[in-house]
Amino acid sequence: MKIHTGDQVIITAGKDKNRQGKVEKVFPQSDQVLVSGLNVYKRAKKRYGQEPGGLIEFNRPLPIGNVALLCANCKKPTRVSYKVDKSGGKRRICAKCGSEVDNKGGTKK
Ligand SMILES: [Zn+2]
């Protein structure tokens, strides 16, 4: 997966196009990402006994093809390229400015 949890992304398609958010969860099996505060849908809920009815907001995952990584350095939506460092670890690089996406440290697993 090119997008990781905690990444800043921009939506490139759909109803929240051009809005930005942070990745909350990644679903590798279905190639989807959950972006906090984006792609929120409202569903009407009927009243059931003691529970009040009303509108429920819920966050739906987006196809990963509909989001682009937002580079923290050049602040542009970008593609991800990879660089293998000396220790053999794969690092994600911004395809536009060449800076490391994961340079905050501690995110390597
Ligand atoms: Zn960049």
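Cys94 is buried in this predicted model, with a relative accessible area of 2%. That cysteine is a good place to start, since the zinc site comes next.

## The zinc site

Which residues hold the zinc ion? The protein donors are the SG atoms of Cys71, Cys74, Cys94 and Cys97, lying 2.3 Å from the metal. The angles that the four donor atoms subtend around the zinc ion run from 104 to 116°, which makes the arrangement tetrahedral. Along the sequence, the donor residues follow the spacing C-x2-C-x19-C-x2-C. Within that pattern, Cys74 sits in the loop between β7 and β8, while Cys94 belongs to strand β10 (residues 90–94). These two cysteines are 20 residues apart, and the pair links distant parts of the chain.

Are the other donors buried or exposed? Cys71 is buried, because its relative accessible area of 4% falls under the 20% limit. Cys97, in contrast, counts as partly exposed at 33% relative accessibility. With several cysteines in view, you may also wonder how many disulfides there are. The count comes to zero. For reference, a disulfide is a covalent bond between the sulfur atoms of two cysteines.

## The loop between β7 and β8

The loop that carries Cys74 has other residues worth a look. Lys75 lies in the loop between β7 and β8 and is exposed, at 61% relative accessibility. The phi angle of Lys75 is near 60°, a positive value in a residue other than glycine. Lys76 is placed in this loop as well, and it counts as partly exposed at 45% relative accessibility. From Lys76 to Phe27 the C-alpha separation is 24 Å, with their positions 49 residues apart in sequence.

## The sheet and the hairpin

On either side of that loop are two strands of an open sheet. Six strands form this sheet, in the order β6-β3-β2-β1-β7-β8, and the pairing is antiparallel. At the edges stand β6 (62–63) and β8 (77–78); each has a single partner strand, so one side of each is left without a neighbour in the sheet. The partner of β8 is β7 (residues 67–70), and the two antiparallel strands are joined by two bridges. One of the residue pairs here is Leu69 with Thr78 in β8. As background, strands of a sheet pair through backbone hydrogen bonds, either parallel or antiparallel.

Back at the other edge, Gly65 is found in the loop between β6 and β7. Gly65 is exposed, with a relative accessible area of 63%. Which residue far off in sequence can be compared with Gly65 in space? Ala13 is 52 residues away in sequence, yet the C-alpha atoms of Gly65 and Ala13 are 8.5 Å apart.

Strand β9 (residues 80–84) pairs with β10 in the antiparallel sense, over five bridges. Val84 stands opposite Lys90 in β10. Together β9 and β10 form a hairpin with five residues between them, and in the turn Gly88 has a positive phi of about 90°.

## Around Tyr41

How many aromatic pairs are there? The count is one. The rings of Tyr41 and Phe58 have their centres 6.5 Å apart and their planes at 35°, so the pair is tilted. Tyr41 is in strand β4 (residues 40–45) and Phe58 in strand β5 (residues 54–59), so the pair ties together parts that are 17 residues apart in sequence. Tyr41 is partly exposed, with a relative accessible area of 27%, and Phe58 counts as partly exposed too, at 24% relative accessibility.

The ring of Tyr41 also has charged ends sitting over it, and these are set out here:

| Charged residue | Ring | Distance from ring centre |
|---|---|---|
| Lys15 | Tyr41 | 5.0 Å |
| Arg60 | Tyr41 | 3.9 Å |

One further residue belongs in this part of the story. Asn39 is found in the loop between β3 (32–35) and β4. Its phi is near 55°, a positive value in a residue other than glycine. Is Asn39 buried or exposed? Asn39 is buried, with a relative accessible area of 8%.

Note on methods
Residues numbered from 1 in each chain as written. Predicted model: local features only at pLDDT ≥ 70, side-chain atom pairs only at ≥ 80, totals over all residues. Heavy atoms only, no water. Pairing = 2+ DSSP bridges. Helix = DSSP H or I, 4+ residues; strand = E, 2+ residues; numbered from the N terminus. Donors = N, O, S within 2.8 Å, 3.2 Å for Na, K, Ca; no water. Tetrahedral: all angles 85-135°; square planar, octahedral: opposite > 155°, others 65-115°. Buried < 20%, exposed > 50% of the residue type's maximum accessible area, 1.4 Å probe, protein only. Disulfide = S-S within 2.5 Å. Phe/Tyr/Trp six-rings, centres within 6.5 Å; stacked < 30°, edge-to-face > 60°. Lys NZ or Arg CZ within 6 Å of the ring centre and 35° of its normal.
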